[in-house]
Amino acid sequence: MRIGILTGGGDCPGLNAVIRAVVRRSVKTHGADVIGFLEGWRGPIENMVMPLTLQNTGGLIQRGGTILKTSRTNPFKIERGPERILESMERNRLDGVIAVGGDDTCGVANRMHKEHNLNVICVPKTIDNDLNATDFTFGFDTAVNVVMEALDRLHTTAESHNRVLVCEVMGRHAGWIACYGGIAGGADFIAVPEKPLNVGELLSAIKTRHARGRNFSILVVAEGTRLENIGQVLRGEELDDFGHAKLGGIGDTIAKIIEKETGYETRAMALGHIQRGGSPTAFDRVLATRFGVAASDLASEKQYGTMTSLQGNKIKPVPLEAAVSQLKTLDMDLLEVAGVFFG
Ligand code: F6P
């Protein structure tokens with residue numbers, strides 16, 4: 001067996017752990033050769049490859065980012081993109097390719113499988129945890145831990161100054177990072193994209209808290225949160241290859257409203273790409289490793305058109321179609337738990 005592997009979309013901690021696991025399992029158990037395509041789907045389009053061996057993939061479990069680099073390349077926006085991917089598969093004599101990515105990368109994989117018969121298996125990654133048909137994606141737990149640590153730090157400075165601090169977090173159109181991070185970090189209010197933000201409700205939660213002597217508040221706001229009457233706040237007008245707008249700035253907007261309406265001194269900060277950097281947590285290392293081993297096994301069984309998924313505590317293959325058919329938005333039961341601590 002000869003297989004390729006690529007990492008596409010926004011990076012996240014755990015990608016290197018998947019690469020390491022795919023190579024180890026494929027070489028040692030299946031006697032296979034593995035090559036890496038560089039920079040996501042751009043790799044097979046431009047035929048940018050590197051050999052992957054036990055030697056050059058050792059010691060990667062703790063390393064963030066991806067040794068294969070990544071990009072948000074959409075082959076369906078490039079002239080002869082899909083055909084060039086197939087030519088690259090042929091040129092490298094590959095039986096199949098493992099694509100590690102989120103909804104965009106897996107969406108491309110699904111179309112390539114259905115429309116061009118590409119032998120592809122996906123591994124779900126994204127800090128946003130918004131990929132359907134899997135309980136968790138790797139990268140999410142690490143991002144949540146970054147948010148939790150930030151909130152711990154914000155607490156001490158907010159309390160010292162009697163301030164309201166608004167922490168904007170990533171997650172695109174899903175509130176998973178905001179809700180998990182907010183619960184773990186003891187947030188006094190959490191705003192998520194799934195529920196348009198009612199400013200009156202937010203102000204009353206802060207005022208109630210201050211009225212009982214807690215003269216500071218920590219708020220977590222997901223970047224995709226929409227304000228009732230205003231809508232979504234964007235960092236710019238331009239869209240990426242997959243049609244996504246750059247979200248960001250809602251934290252600032254909300255902070256200004258709070259200061260104006262309550263008179264409480266308020267500051268905002270956005271955690272941004274810090275949430276995607278650094279080493280993976282133990283949970284993400286284990287999940288990424290299990291996914292990598294499973295993906296290699298699926299390739300050896302020629303179970304193409306599938307994605308590895310976590311269901312309960314078991315790793316199971318699911319059809320790619322199920323994974324990309326819809327976005328997995330926040331389980332609103334979690335926001336209810338978080339809400340017990342608002343106000
Ligand atoms: O999908 C991961 C993610 O980090 C989102 O949470 C965020 O909206 C987006 O990527 C940022 O993308 P970029 O790295 O292209 O700015």
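## The largest pocket

Charged residues make up 14 of the lining of the largest pocket, alongside eight polar and five nonpolar ones. The pocket belongs to a predicted model. It holds about 480 Å³ of space. In total, 27 residues line this pocket, and G10, R72, D128, R172 and R276 are the closest to its centre. Three elements each give two or more residues to the lining: helix α4 (103–116) and strands β11 (234–239) and β12 (245–247).

Where does the largest pocket lie? Both domain 1 and domain 2 give residues to its lining, so the pocket lies between them.

## Two domains

The protein chain is split into two parts. Domain 1 covers 2–139 + 280–323, while domain 2 covers 143–277. Domain 1 is thus written as two stretches, and domain 2 as one. Their C-alpha centres are 33 Å apart. How many residues does each domain bring to the contact? Domain 1 brings 17 residues and domain 2 brings 16.

## The seven-stranded sheet

Strands of a sheet pair through backbone hydrogen bonds, either parallel or antiparallel. One open sheet here has seven strands, and its pairing is mixed. Read across, the order is β3-β2-β1-β4-β5-β14-β15. Which strands stand at the edges? They are β3 (49–52) and β15 (314–319). Each has a single partner strand, so one side of each is left without a neighbour in the sheet. On average, neighbouring strands are turned by 30 degrees against each other, direction ignored.

Look at one pair in detail. Strand β2 (residues 33–37) and β3 are antiparallel and share four bridges. In this pair, V34 stands opposite L52 of β3. Helix α1 (residues 15–28) packs on the sheet. This helix touches β1 (2–7), β2, β3, β4 (96–101) and β5 (120–124). The direction of α1 makes about 175 degrees with that of β1.

## The four-stranded sheet

A second open sheet has four strands. Their order is β7-β8-β6-β13, and the pairing is parallel. The edges are β7 (189–191) and β13 (266–270). Each of these two has a single partner strand, so one side of each has no neighbour in the sheet. From one strand to the next, the twist averages 20 degrees.

How many bridges join β6 to β13? Five bridges link strand β6 (residues 164–169) to β13, and the two run parallel. Here E168 stands opposite A270 in β13.

Two helices lie across strands of this sheet. Helix α7 (residues 199–211) crosses β6, β7 and β8 (217–222). Its angle to β8 is about 160 degrees. Helix α8 (residues 250–262) lies across β6, β8 and β13. The angle between α8 and β13 is about 175 degrees.

## The cavity

Rolling a probe the size of a water molecule over the atoms shows where empty space is left. How many cavities of 30 Å³ or more does a search of the whole structure find? The search finds one. The largest cavity holds about 30 Å³ of space.

Its lining consists of G8, G9, W41, S71, R72, T73, D104, T105 and F242. By class, five of these residues are polar, two are nonpolar and two are charged. R72 lines this cavity, and R72 is also listed among the residues closest to the centre of the largest pocket.

Note on methods
Residues numbered from 1 in each chain as written. Predicted model: local features only at pLDDT ≥ 70, side-chain atom pairs only at ≥ 80, totals over all residues. Heavy atoms only, no water. 1 Å grid on protein atoms, 1.4 Å probe; cavity = no way out; pocket = protein on both sides within 12 Å on 5 of 7 lines; lining within 4 Å. Points joined across faces, edges and corners; volume = space filled by probe spheres on them. Nonpolar A, V, L, I, M, F, W, Y, C, P; charged D, E, K, R; others polar. Domains from an automatic or database assignment. Pairing = 2+ DSSP bridges. Axes fitted to C-alpha atoms, helices over the stretch in contact; angles between N-to-C directions. Contact = heavy atoms within 4.5 Å.
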